[in-house]
Amino acid sequence: QVQLVEAGGGLVQAGGSLRLSCAASGRTFSDYVMGWFRQALGKERDFVAAIRRNGGEYYADSVKGRFTSSRDNAKNTVYLQMNSLKPEDTAVYYCAGRVGAVIVTATASYDYWGQGTQVTVSS
């Protein structure tokens, strides 16, 4: 079993930055592809970014060039640096983990989920 705990959400003005973190416990963190998803009010949960255990990354087109994911396997933590935030980035952000080396974007492919952290971007 793996427990994931996100932190770092909050309220920010458009154009600002936030850094989310996701701390993992319970199994060997480096075995996992870690993903970030978000869910806006009334909408489906969408893929944002993912990072392989050795650091290769993949991003949704909507955040490419603005968001950066990184991980510190020694600290069992993954990060999402979000720059140039827009009001449409407002959502609850979730981190998720799946065993393996392949990045996938489907929510159903992830085995473990955090509780989510709210990000609100004001215009």
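Which hand does the link of Cys22 and Cys95 have about the S-S bond: right or left? Keep that in mind while you load things up, and remember that this is a predicted model.

**Stop 1: the disulfide.** Select Cys22 and Cys95 and show their side chains. The two are joined by a disulfide, with 1.9 Å from S to S. Set a dihedral about the S-S bond and you get 50°, so the answer to the opening question is right-handed, going by the value for this link. Now color by secondary structure: Cys22 sits in strand 3 (residues 18-25) and Cys95 in strand 9, so the pair ties together distant parts of the chain, 73 residues apart. Switch on a surface and try to find them. Cys22 is buried, at 0% relative accessible area, and Cys95 is buried too, with a value of 0%. If you go hunting for other such links, the count for the model comes to one disulfide.

**Stop 2: the open sheet.** Stay with strand 3 and bring in its sheet. You're looking at four strands in the order 1-3-8-7, paired antiparallel, in an open sheet. The edges belong to strand 1 (3-7) and strand 7 (67-72); each has a single partner strand, so one side of each is left without a neighbour in the sheet. On average, neighbouring strands here are turned by 15° against each other, direction ignored.

Zoom in on the strand 7 edge. Strand 7 and strand 8 (residues 77-82) run antiparallel and are joined by six bridges. For a handy landmark, pick Arg71: across from it, in strand 8, is Val78.

**Stop 3: Arg98.** Back to strand 9 (residues 91-99), where you'll find Arg98. What is the nearest side chain of opposite charge to Arg98? It's Asp111, 5.6 Å away, and this buried arginine has no salt bridge. To see its surroundings, select Asp31, Tyr32, Val33, Val104, Ser109, Tyr110 and Asp111; Arg98 is in contact with these, leaving aside its neighbours within four places in sequence.

**Stop 4: the start of the chain.** Finish with Gln1, in the segment before strand 1. Is Gln1 buried or exposed? At 62% relative accessibility, Gln1 counts as exposed. Even so, Gln1 has company: beyond its neighbours within four places in sequence, Gln1 is in contact with Ser25, Gly26, Arg27 and Tyr112. For a last distance, draw a line between the C-alpha atoms of Gln1 and Tyr32: they are 31 residues apart along the chain and separated by 12 Å. Tyr32 is also one of the contacts of Arg98 from the previous stop.

Note on methods. Residues numbered from 1 in each chain as written. Predicted model: local features only at pLDDT ≥ 70, side-chain atom pairs only at ≥ 80, totals over all residues. Heavy atoms only, no water. Pairing = 2+ DSSP bridges. Helix = DSSP H or I, 4+ residues; strand = E, 2+ residues; numbered from the N terminus. Axes fitted to C-alpha atoms, helices over the stretch in contact; angles between N-to-C directions. Buried < 20%, exposed > 50% of the residue type's maximum accessible area, 1.4 Å probe, protein only. Lys, Arg positive; Asp, Glu negative; His and termini not counted. Salt bridge = Lys/Arg side-chain N within 4 Å of Asp/Glu carboxyl O. Contact = heavy atoms within 4.5 Å. Disulfide = S-S within 2.5 Å.
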